[in-house]
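Grab a pencil and work through these exercises with the model open beside you. Try each task before you read its solution.

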Amino acid sequence: DTPETCSVEGSKATMLAAGTCRILADQSGDVNYEPATQVVQEFDIALATPVFSWSDVAKTFGDSDFTVTAPEASAPTYSSVAGTYTYTSSDPTTISISGSTFSVEGAGTTTITATFTPTETSKFESGGQVAMNVTVQQAEQASLTLTSTSGTYGDPLTLAVSGGDTSGRSEEHTSELQSRVDISYAVFCLK
């Protein structure tokens with residue numbers, strides 16, 4: 001009696017969508033029996049709740065933007081549930097997100113939460129969430145190189161420092177070098 005939510009074939013009812021299912025049962029009479037009184041049975045069909053699985057990811061600072069494989073969504077009697085996800089990062093200074101593109105912003109760990117919207121909203125619950133951790137390791141720096149020319153005591157000595165990272169921050173020099181020269185804007189004086 002409710003073909004949008006359930007169907008009946010013989011003695012088997014099939015749930016088609018969430019809602020109220022109404023089944024009518026009739027039995028005809030024969031020469032010895034009158035027809036049975038029609039019986040009506042109604043029951044509610046709830047939305048199926050998808051179950052999610054998703055794996056953690058490891059990256060290194062400096063890695064390119066990336067996309068992740070969407071979480072797997074399944075439900076009882078369904079091997080997969082079609083739908084879309086929206087993503088949020090608990091720490092955008094580690095991983096930022098634009099649509100489904102993830103960008104490495106800095107070393108650390110963040111939790112990415114995926115919120116699910118099923119294609120078939122008449123069968124599956126919306127808003128299910130699953131989380132994964134993304135760990136971003138520190139990148140290794142290139143070796144520092146310090147080049148100079150010889151100098152005379154008291155005269156400025158220009159040193160060139162190269163290598164390290166490319167983020168524009170100051171290089172840190174060893175205490176041995178600092179004990180022999182005053183560091184000031186890449187111009188050094190011998191002590």
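**Exercise 1.** Which way do strand β9 and strand β10 run, and how many bridges join them?

Let's start with the ground rules. This is a predicted model, where local features need pLDDT of at least 70, side-chain atom pairs count only at pLDDT 80 or more, and totals for chains, interfaces and linings use all residues. Residues are numbered from 1 along each chain as its sequence is written, and side-chain values use heavy atoms, leaving out hydrogens and water.

Step 1: find β9 at residues 95-98 and β10 at residues 101-104. Strands here are DSSP runs of E with at least two residues, helices are runs of H or I with at least four, and both are numbered from the N terminus.
Step 2: the two strands are antiparallel, joined by four bridges. Two strands count as paired if DSSP finds at least two bridges between them.
Step 3: look at Ser 98, whose bridge partner in β10 is Thr 101.
Step 4: two residues sit between the strands of this hairpin, and Gly 99 has a positive phi near 65°.

**Exercise 2.** Work out which strands stand at the edges of the open sheet.

Step 1: write down the order of the four strands, β6-β12-β11-β8, with mixed pairing.
Step 2: β6 (57-60) and β8 (83-89) each have a single partner strand, so they are the edges, and one side of each has no neighbour in the sheet.
Step 3: from one strand to the next, the twist averages 30°. The angles run from 0 to 180 degrees between N-to-C directions, with axes as lines fitted to C-alpha atoms (for helices, over the stretch in contact).
Step 4: check one pairing: β6 and β12 (residues 129-137) run parallel and share four bridges. Thr 60 has Gln 137 as its bridge partner in β12.

**Exercise 3.** Find the disulfide and say which parts of the chain it ties together.

Step 1: a disulfide is a pair of cysteine sulfur atoms within 2.5 Å. Cys 6 and Cys 21 fit, with their sulfur atoms 1.9 Å apart.
Step 2: the link between Cys 6 and Cys 21 is right-handed, with 90° about the S-S bond.
Step 3: Cys 6 belongs to β1 (residues 6-9) and Cys 21 to β3 (residues 19-25), so the pair ties together parts 15 residues apart in sequence.
Step 4: now the surroundings. Buried means under 20% relative accessible area, exposed over 50%, and partly exposed in between (1.4 Å probe, protein chains only). Cys 6 is buried at 6%, and Cys 21 is buried too, at 0%.

**Exercise 4.** Describe where Phe 61 lies and what it touches.

Step 1: Phe 61 is in the loop between β6 and β7 (72-74).
Step 2: its relative accessible area is 39%, so Phe 61 is partly exposed.
Step 3: a contact means heavy atoms within 4.5 Å. Leaving aside residues up to four places away in sequence, Phe 61 touches several residues, among them Val 104, Val 136 and Ala 139.
Step 4: Phe 61 and Ala 139 are 78 residues apart in sequence, yet their C-alpha atoms are 5.1 Å apart.

**Exercise 5.** Which stretch has a pLDDT below 50?

Step 1: pLDDT is the predictor's confidence in each residue, from 0 to 100. The protein averages 82, and 80% of the residues score at least 70.
Step 2: the stretch is residues 168-190, which has 38 contacts in the model beyond near neighbours in sequence.
Step 3: where pLDDT is low, the predicted coordinates should not be read in detail.
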